[in-house]
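Work through the following exercises with the sequence and the model side by side. Try each task before you read its solution.

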Amino acid sequence: VRADLGRDHPYALALQKSLAHTFLDVGLADQASQLLRRTLVAERANGAEPLQVSATEAALGSALRMKGDLDEAIVLLSDSGKAICEHLGHSHPQAMQCTGSLGLAYAAKGEKKKAAELQKQLSAQLQRVSARQLAGVYSEVVKLELQLQDQLPTIKVRLWRLLCCCARCGFCRRLP
């Protein structure tokens, strides 16, 4: 695709970003962060839509968090989260994923108080969205909750009850 369209063509950048997300999914944060940095530079240089740039910043922030580059990750996740919230609202799945990733970065940095604040914020946001929207943020919530290891009422059970395919099956009622 790069040979045919050029390396900074929007379609080539979208494929590059998709590949970076695949790297993230399998734990290859170094490779993902390299691709996402190149993508971000190209998007900014080509005047890409602000929301697209913010999504790339958020993905790069998550990759850097996974690598352990927490200071830069926190800056990117904060900035991209604000921009995404301005465009899409606080209850949009991308905004909630940023909040969850930011909480994970603070927790990994040892700032448990800030991470707990973000967990409470995320919990409040989750109560205002539909079950369909929850699917995209569930893993970030669980990761943040595991990082915090606190004894607050579990978000996972509330999410499972919302996502349960049949409220009458009884499975979700057996959860703690």
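The exercises below concern a predicted model, and they go from the overall fold to single side chains.

**Exercise 1. The overall fold**

Task: Find out how many helices and strands the protein chain has, and what percentage of its residues count as buried.

Solution: Begin with the secondary structure, where the protein chain shows ten helices and zero strands. Reading from the N terminus, the order of elements is therefore written with one symbol throughout, α-α-α-α-α-α-α-α-α-α. Next, turn to burial: the protein chain has 176 residues, and 41% of them count as buried. Finally, consider the contacts between residues at least 6 apart in sequence, of which 54% join residues at least 24 apart.

**Exercise 2. Two helix pairs**

Task: Decide whether α2 and α3 are roughly parallel or roughly antiparallel, and do likewise for α4 and α6.

Solution: Take helix α2 (residues 10-25) and α3 to begin with, whose axes come within 8 Å and cross at roughly 155°. Angles over 145 degrees count as roughly antiparallel, and α2 and α3 are therefore roughly antiparallel to each other. The crossing in which α2 passes α3 is left-handed. On the side of α2, the residues that meet α3 include Leu13, Lys17 and Phe23, while those on the side of α3 include Leu35, Ala42 and Glu43.

Now take helix α4 (residues 50-67) and α6, whose axes come within 10 Å and cross at roughly 30°. This angle makes α4 roughly parallel to α6, since angles under 35 degrees are counted that way. Here too the crossing is left-handed, with α4 passing α6. The contact is made by Leu51, Ala55, Ala58, Ser62 and Arg65 from α4, together with Gln94, Cys98, Ser101, Leu104 and Ala105 from α6.

**Exercise 3. A charged residue inside**

Task: Determine whether glutamate 43 is buried or exposed, and list what glutamate 43 touches.

Solution: Locate glutamate 43 in helix α3. Its relative accessibility is 1%, and because buried means under 20%, glutamate 43 counts as buried. Then look for its neighbours, leaving aside residues up to four places away in sequence: glutamate 43 touches Leu13, Lys17, Ala48, Gln52, Val53 and Thr56.

**Exercise 4. Cysteines without a bond**

Task: Explain why cysteine 98 is too far from cysteine 85 for a bond.

Solution: Start from the count for the structure, which holds zero disulfides. Cysteine 85 is accordingly in no disulfide, and the nearest cysteine sulfur to its own belongs to cysteine 98, 7.4 Å away. A disulfide needs two cysteine sulfur atoms within 2.5 Å, so the 7.4 Å between cysteine 98 and cysteine 85 is too far for a bond. As for burial, cysteine 85 counts as buried at 15% relative accessibility, and cysteine 98 counts as buried at 4%.

**Exercise 5. Salt bridges**

Task: Find which glutamate pairs with arginine 37 and which aspartate pairs with lysine 109, and place the partners in their helices.

Solution: The structure holds seven salt bridges, and three of the pairs are followed step by step here.

- Arginine 37 forms a salt bridge with glutamate 72, with 2.9 Å between the closest N and O atoms. Arginine 37 belongs to helix α3 (residues 29-45) and glutamate 72 to helix α5 (residues 70-88), so the pair ties together parts that are 35 residues apart in sequence. Arginine 37 is partly exposed at 32% relative accessibility, as is glutamate 72 at 34%.
- Lysine 109 meets aspartate 71 in a salt bridge, at 2.6 Å from N to O. Since lysine 109 lies in helix α6 (residues 93-109) and aspartate 71 in helix α5, this pair ties together parts 38 residues apart in sequence. Lysine 109 is partly exposed, with a relative accessible area of 39%, whereas aspartate 71 counts as exposed at 51%.
- Aspartate 69 and lysine 67 join their side chains in a salt bridge of 3.6 Å, N to O. Aspartate 69 is partly exposed at 31%, and lysine 67 is partly exposed at 37% relative accessibility. As a last step, note that Asp30, Lys67 and Asp69 are linked in a network of salt bridges.

How values were computed. Residues numbered from 1 in each chain as written. Predicted model: local features only at pLDDT ≥ 70, side-chain atom pairs only at ≥ 80, totals over all residues. Heavy atoms only, no water. Buried < 20%, exposed > 50% of the residue type's maximum accessible area, 1.4 Å probe, protein only. Salt bridge = Lys/Arg side-chain N within 4 Å of Asp/Glu carboxyl O. Helix = DSSP H or I, 4+ residues; strand = E, 2+ residues; numbered from the N terminus. Axes fitted to C-alpha atoms, helices over the stretch in contact; angles between N-to-C directions. Parallel < 35°, antiparallel > 145°, perpendicular 65-115°, else oblique. Left-handed = near helix turned anticlockwise from the far one by under 90°. Contact = heavy atoms within 4.5 Å.
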